[in-house]
Amino acid sequence: SVYKSIASEIKSSATCLQHGLLNIPDESHSVIKSAAYLLPHLLKKIKDQREFLIVGYSFGSLIAIELARLLEANDFSGQLILIDGAPDQMKCWTNQYLDSTSPEELQNIILLGLLEMYTTINKKTLTLELNKCNTWEEKLKLFHSYFPNEVNVLTTENQKLMYFTVYNHIVAIQNYDISSLPRLKSPITLLKPTFPIVSVTEEDYGLHKVTEGKVQIHYVKGNHITMMDNNKIISAINEEWIEDLNR
């Protein structure tokens, strides 16, 4: 988990909610349904508390927004900390890097992208091979065969789980539309990396369309991944030295 490096540094009681295929098998293709599925688990944890602080990272920021919307509808109040994640930014990212004309093409783009994280491939040749596959199983078998032995530590089942989680998240982003949803009342703190994964026109990633509350923007040195190792992340979560985050 991306939160492992900071979990021990969080000073308040905290609950980590996962939103992958493994624990939300039927709803992980929808941001709103995923949040609704997770809400009862969250309510059990917060018990008699009426205030919340929700932290979301990357795609999880969308789940965080919808959980906040559900909590506000149940007379809770609170705030959000979003770590390099917002609806407009996520859509911009998928449009720029994962643009496709069919589900089959999107499948291929994801498989190629995951493979490139582990090894060097000939994308043109592998794309032709993937296009010859008639089923998911054939594509995943081909995907598995291209992993070099020294890094092929995941079982075929785990690779399948990884792939479908990524695929469902992308579909969820594509289908997520906040235009008809009421704006939140909760203030949002947006932590942005100094080296962003995608260029978004609006500095607040369009979060003024998400909430009526104040949107504070702070920059954290690093990119989408390395920013999580910066001490400013845990300082923001612990609500310490927030005034120093811009320095």
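Okay, so straight to helices α4 and α8. In this predicted model, α4 covers residues 87-97 and α8 covers residues 156-175, and the two pack at an angle of about 115° with their axes 9 Å apart. If you're wondering about those two numbers, packed helices are described by the angle between their axes and the distance between the axes. As for handedness, the crossing of α4 past α8 is left-handed.

Who's touching whom? On the α4 side you've got Met-90, Lys-91 and Thr-94, and they meet Ile-170, Ile-173, Gln-174 and Asn-175 of α8. Sorted by class, that contact comes out as three nonpolar, three polar and one charged residues.

Hang on to Gln-174 for a second, and let me bring in Tyr-205. Tyr-205 sits in the loop between β3 (188-193) and β4 (215-220). Along the sequence Tyr-205 and Gln-174 are 31 residues apart, and C-alpha to C-alpha they are 16 Å apart in space. Now, is Tyr-205 buried or exposed? Buried: its relative accessible area is 2%, and the cut-off for buried is under 20%. Leaving out residues up to four places away in sequence, Tyr-205 touches a list that includes Asp-84, Gly-85, Ala-86, Asp-88 and Gln-89. Also among its contacts are Leu-190, Lys-192, Pro-193 and Val-200.

Next up, α7, which is residues 136-145. Its buried residues are Lys-139, Leu-140, Leu-142 and Phe-143. They span an arc of only 160° around the axis, so they end up on the same side of α7. The general background is that an α-helix has 3.6 residues a turn, so residues three or four places apart point the same way. Flip to the face turned away from the buried side of α7, and there you find Glu-137 and Lys-141, both exposed. And what covers the buried residues? That includes α5 (103-116), α6 (123-131) and our friend α8 again.

Okay, zooming out to the whole chain. We have nine helices and four strands, and from the N terminus the order reads α-α-β-α-β-α-α-α-α-α-β-β-α. The radius of gyration is 19 Å, close to the 18 Å the globule rule gives for 247 residues, so the chain is as compact as a globular protein of that length. Put a box around the C-alpha atoms along the principal axes and you get roughly 55 × 35 × 35 Å. Of the 247 residues, 43% are buried. Last one: take the contacts with a separation of 6 or more, and 73% of them come from residues 24 or more positions apart.

Conventions
Residues numbered from 1 in each chain as written. Predicted model: local features only at pLDDT ≥ 70, side-chain atom pairs only at ≥ 80, totals over all residues. Heavy atoms only, no water. Axes fitted to C-alpha atoms, helices over the stretch in contact; angles between N-to-C directions. Left-handed = near helix turned anticlockwise from the far one by under 90°. Contact = heavy atoms within 4.5 Å. Nonpolar A, V, L, I, M, F, W, Y, C, P; charged D, E, K, R; others polar. Buried < 20%, exposed > 50% of the residue type's maximum accessible area, 1.4 Å probe, protein only. Arc of directions from axis to C-beta. Rg over C-alpha atoms; globule rule 2.2 N^0.38 Å.
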